Amino acid sequence: MSMKLTGEQILLRAIEPTDIDALYSWENNTDHWKVSNTQTPFSRHVLTQYIESAHLDIYSTKQLRLIIDETQTDSHTSKNQKSIGCIDLFDFDPHHLRAGIGILIADKNDRKKGHATEALRLLIDYCFDFLNLKQVYCNITVDNEPSILLFKKHGFAITGVKRSWIKEGNSFKDELLLQLIKN
């Protein structure tokens, strides 16, 4: 079976050393911290080390980050690529055949164009058809309606609520657990 991580508008690819500036910007944007459970900035050194180890097998690292590139056709019909975000597998568990999924479309101007939908579809296919996972899941705060709708559109069901799970300022938010289980 050949795996194609290319869609109509995007492709998913491995992290390259040239992605350091984008990763540095995305990881240190405090607006993204609340959905990634990040509390401190990342240095270029730490991110460089991460990129250098990104080639390691998912079975040893238990995670995989792929860059989402928007493919654009110019007037000469050649394709250009623009990195718009990333999609992650985390807590990969080959014994229980499951993994968590996180996705980021970094710039608000690149959202609502179908890129996240396409990236998620490609990653789900990869998880079920290549990694042979039984299920994938995600954690989303109750107020993140676009993400809830995105995952529900792909068949994820809300299977749990973690009450007062995420602290934001002086208050707490509930977080939903959504699962997609392969029949």
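Reading from the N terminus, the elements of the protein chain follow the order β-α-α-α-α-β-β-β-α-β-α-β-β. That gives 6 helices and 7 strands to look for. Keep in mind as you explore that this is a predicted model.

**Stop 1: the whole chain**

Start with everything shown as a cartoon. The protein chain has 183 residues, and 40% of them count as buried. Now think about which parts of the chain touch each other. Among contacts between residues at least 6 apart in sequence, 58% join residues that are at least 24 apart.

**Stop 2: helices H1 and H3**

Select residues 20-27, which form helix H1, and residues 44-53, which form helix H3; their axes come within 10 Å and cross at roughly 120°. That angle makes H1 oblique to H3. The crossing of these two helices is right-handed. Which residues make the contact? On the H1 side, show Ile 20, Asp 21, Leu 23, Tyr 24 and Glu 27. On the H3 side, show Arg 44, Leu 47, Thr 48 and Ile 51.

**Stop 3: Lys 62**

Next, pick Lys 62, in the loop between helix H4 (58-61) and strand S2 (64-73). Most residues other than glycine have a negative phi. Lys 62 is not a glycine, yet it has a positive phi of about 65°. Is Lys 62 buried, exposed or partly exposed? With a relative accessibility of 33%, Lys 62 counts as partly exposed.

**Stop 4: Asp 91 and His 96**

Move along to Asp 91, which lies in strand S3. Asp 91 has a positive phi of about 50°, although it is not a glycine.

Then select His 96, in the loop between strand S3 (79-93) and S4. His 96 is partly exposed, with a relative accessible area of 44%. Try a distance here: from the C-alpha of His 96 to the C-alpha of Gln 135 is 8.8 Å, while the two residues are 39 apart in sequence.

**Stop 5: strand S5 and its partners**

Gln 135 leads you to strand S5, so colour residues 135-141. Of the 7 residues of S5, 6 are buried, so the strand is largely enclosed by the rest of the structure. The chain reaches S5 from S4 by way of helix H5 (residues 115-130), and this β-α-β crossover is right-handed.

Now look at the strands paired with S5. Strand S4 (residues 98-105) runs parallel to S5, and 3 bridges join the two. To see one pairing, select Arg 98, whose bridge partner in S5 is Gln 135. Strand S7 (residues 171-181) pairs with S5 in the antiparallel sense, over 7 bridges. For an example from this pairing, show Val 136 with its bridge partner in S7, Leu 180.

**Stop 6: Ile 140**

Stay in strand S5 and select Ile 140. Is Ile 140 buried or exposed? Its relative accessibility is 4%, so Ile 140 counts as buried. What is Ile 140 in contact with, leaving aside its neighbours within four places in sequence? The residues to show are Ser 147, Ile 148, Phe 151, Glu 175, Leu 176 and Leu 178. You can also draw a line from the C-alpha of Ile 140 to that of Val 161: these residues are 21 apart along the chain, and the separation is 9.6 Å.

**Stop 7: helices H5 and H6**

Phe 151 is one of the residues in contact with Ile 140, and Phe 151 also belongs to the H6 side of a contact between helices. Show H5 together with helix H6 (residues 145-153): their axes come within 10 Å and cross at roughly 45°. H5 and H6 are therefore oblique to each other. H5 passes H6 in a right-handed crossing. Ala 116, Thr 117 and Leu 120 of H5 make the contact with Leu 150, Phe 151 and Lys 153 of H6.

**Stop 8: the hairpin of S6 and S7**

Finish with strand S6 (residues 157-168), which pairs with S7 in the antiparallel sense over 8 bridges. Val 161, which you met at Ile 140, stands opposite Leu 176 in S7. Leu 176 is also among the residues in contact with Ile 140. How many residues lie between the strands of this hairpin? There are 2, and Gly 169 takes a positive phi near 65° in the hairpin.

Terms used. Residues numbered from 1 in each chain as written. Predicted model: local features only at pLDDT ≥ 70, side-chain atom pairs only at ≥ 80, totals over all residues. Heavy atoms only, no water. Buried < 20%, exposed > 50% of the residue type's maximum accessible area, 1.4 Å probe, protein only. Helix = DSSP H or I, 4+ residues; strand = E, 2+ residues; numbered from the N terminus. Pairing = 2+ DSSP bridges. Right-handed = clockwise from strand over helix to strand, strands pointing away. Axes fitted to C-alpha atoms, helices over the stretch in contact; angles between N-to-C directions. Parallel < 35°, antiparallel > 145°, perpendicular 65-115°, else oblique. Left-handed = near helix turned anticlockwise from the far one by under 90°. Contact = heavy atoms within 4.5 Å.
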